[in-house]
Amino acid sequence: MRLIVIGGDAAGMSAASQARKRRGPGELEILAFERGDFTSYSACGIPYWVGGMVDGPDALIARDPAAFQDSGIDVRTGHEVTGIDLAARRVTVRTADREFTEGFDELVYAAGAVPTRPSWAAGDIAGVFGVQTLGDGAAVQEWLERTRPRTAVVIGAGYIGVEMAEALVRRDLKVTLVEQSPQPMSTIDPDMGALVAKSVENLGVELRTGVTVKALETEKDQIRAVLTDAGTIPADVVILGLGVRPNTKLAEAAGIPLGVTGGLATDLRQRVIGPRGTVEGVWAAGDCTQVLNRVSGRQVHVPLGTHANKQGRVAGINLGGGYATFPGIVGTGITKICDLEVARTGLSSKEAEAAGFRYVTATVESTNRAGYMPGAVPMTVKVIAEKDSGLLLGAQIVGKAEAAKRIDAFAVAVWNRMTVTEMTALDLGYAPPYAPVWDPVLIAARKADEAL
């Protein structure tokens with residue numbers, strides 16, 4: 001039997017690796033095609049590479065093609081799958097110098113996501129970059145080193161946007177961060193976003209919220225400025241941080257149905273499903289798929305390497321003859337902006353309202369350790385709970401050292417459908433160097449319980 005994997009990053013290679021663990025080369029031939037030059041890498045590390053905090057690209061690669069070849073997985077980089085014929089069970093593959101077809105019995109579609117690129121950024125403009133792959137990161141690095149730009153504009157103030165803004169400040173550029181929404185990081189509530197805005201501005205970034213980009217001004221096909229509804233911003237380099245969308249063009253062309261989010265829909269075992277049930281022999285995992293939000297009950301598109309690795313693992317176990325499921329997500333995210341840590345899990349207030357919940361919120365300020373200990377710094381914790389039941393719907397944290405990873409306690413509670421009343425009795429660790437006697441997690445849960 002032959003398995004073909006489209007995509008050589010987290011989801012695809014996790015699937016290939018798990019299938020190989022369970023079936024030897026004599027039972028299962030595995031062929032993986034990756035259009036780029038790298039396999040199994042951390043795209044999340046690109047801003048830290050650009051900012052000079054870590055080396056790259058080699059340091060960001062978990063396993064290179066040679067390691068997969070040694071394990072019996074035929075990985076071919078620089079190979080782009082351009083067509084899928086489900087009836088003939090074949091894919092068409094293009095390289096720099098030829099085009100050919102390969103047959104398959106089972107197919108894993110793990111093509112990832114592609115950066116959102118509005119019409120005003122269409123075409124090849126020198127100095128304008130998306131940041132999705134290691135190749136993108138290398139292109140940004142090359143541009144910075146070759147042209148020595150002085151001004152940068154980052155468009156979009158989500159996770160990648162704020163991280164790239166910090167990276168460019170570290171490279172001594174004058175940075176403007178443009179966001180169409182009223183606040184940076186719109187996945188958290190406005191009051192928490194205001195704390196992020198203050199930190200971004202303290203970093204030396206000029207933050208412009210509520211601003212819409214209209215066009216890019218070029219000279220000889222090279223970026224010169226960003227034109228907005230609030231004026232013109234000079235730019236020697238532009239980073240597009242406008243999010244990503246599922247890379248499903250190939251699947252759609254092959255007649256594979258898409259889900260409500262535009263990503264591929266799968267069952268719990270990662271088999272692609274459509275209106276008539278599963279698509280025979282086709283599996284999908286990673287950023288090209290939609291996933292179930294366990295809190296809202298809705299299908300969502302949340303591109304994260306953690307989900308991609310888990311989904312790929314599930315697909316590979318099932319392909320290898322085992323049984324595994326991926327039960328969904330609760331929307332946990334975390335980032336760092338200079339010395340400010342930001343985290344969220346579950347639903348924001350806006351998301352809770354959209355899902356039809358009646359809810360209360362509680363926001364508290366505390367410290368990361370006992371106030372009398374050296375290094376004690378403040379953090380703000382916000383909890384969202386269902387009004388009738390007290391069910392924990394979500395939580396957000398903004399603070400400094402040792403703040404953000406406290407979101408994991410909330411994530412476990414959301415996953416297990418705990419109430420804030422139940423959370424007040426959690427037996428969390430305490431010692432003055434690590435937490436106040438009432439941990440910020442417990443204080444926030446208690447305040448939410450009182451708000452009920």
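Which residue forms a salt bridge with Asp-388, and how far apart are the closest N and O atoms? The partner is Arg-358, with the closest N and O atoms 2.7 Å apart; this contact appears in Figure 2. All views show a predicted model, in which local features need pLDDT of at least 70, side-chain atom pairs count only at pLDDT 80 or more, and totals for chains, interfaces and linings use all residues. Residues are numbered from 1 along each chain as its sequence is written, and side-chain values use heavy atoms, with hydrogens and water left out.

**Figure 1. The salt bridge between Lys-382 and Asp-189.** The closest N and O atoms of this pair are 2.8 Å apart (a salt bridge is a side-chain nitrogen of Lys or Arg within 4 Å of a carboxyl oxygen of Asp or Glu). The contact links distant parts of the chain, 193 residues apart: Lys-382 belongs to strand S25, and Asp-189 to the loop between strand S11 (174-179) and H6. Helices (H or I, at least four residues) and strands (E, at least two) are DSSP runs, numbered from the N terminus. Lys-382 is buried, at 7% relative accessible area, and Asp-189 is buried at 3% (buried means under 20% relative accessible area, exposed over 50%, and partly exposed in between, with a 1.4 Å probe and protein chains only).

**Figure 2. The salt bridge between Asp-388 and Arg-358.** Asp-388 lies in the loop between S25 and S26 and Arg-358 in the loop between helix H9 (349-354) and strand S24 (359-367), so the pair ties together parts that are 30 residues apart in sequence. Asp-388 is exposed, with 61% relative accessibility, whereas Arg-358 is partly exposed, with 46%. Elsewhere, Arg-2, Glu-29, Asp-74, Arg-76 and Glu-102 are joined into one network by salt bridges that share partners. The whole structure contains 20 salt bridges.

**Figure 3. The second largest pocket, with a volume of about 330 Å³.** Of its 15 lining residues, Leu-195, Ser-199, Leu-340, Val-398 and Lys-400 are the closest to the centre. On a 1 Å grid over the protein atoms alone, a pocket is an open set of points with protein on both sides within 12 Å along at least five of seven lines, a cavity is a set where a 1.4 Å probe fits but cannot get out, and lining residues have an atom within 4 Å of a point. Grid points are joined across faces, edges and corners, and a volume is the space filled by probe spheres set on the points. Helix H6 (190-202) gives the most to the lining of this pocket, with four residues. Seven lining residues are nonpolar, four polar and four charged (Ala, Val, Leu, Ile, Met, Phe, Trp, Tyr, Cys and Pro count as nonpolar, Asp, Glu, Lys and Arg as charged, and the others, Gly among them, as polar).

**Figure 4. The largest cavity, with about 40 Å³ of space.** The count comes to one cavity of 30 Å³ or more. Among the lining residues are Asp-287, His-301, His-307 and Gln-311. Helix H8 (residues 305-319) gives the most to this lining, with three residues.

**Figure 5. The aromatic pair of Phe-33 and Phe-100.** The rings are edge-to-face, 6.3 Å centre to centre, with 65 degrees between the planes (rings of Phe, Tyr and Trp, the last by its six-membered ring, pair if their centres lie within 6.5 Å; planes under 30 degrees apart count as stacked, over 60 as edge-to-face and the rest as tilted). Phe-33 in strand S2 (residues 29-34) and Phe-100 in strand S6 (residues 99-103) are 67 residues apart, and both are buried.
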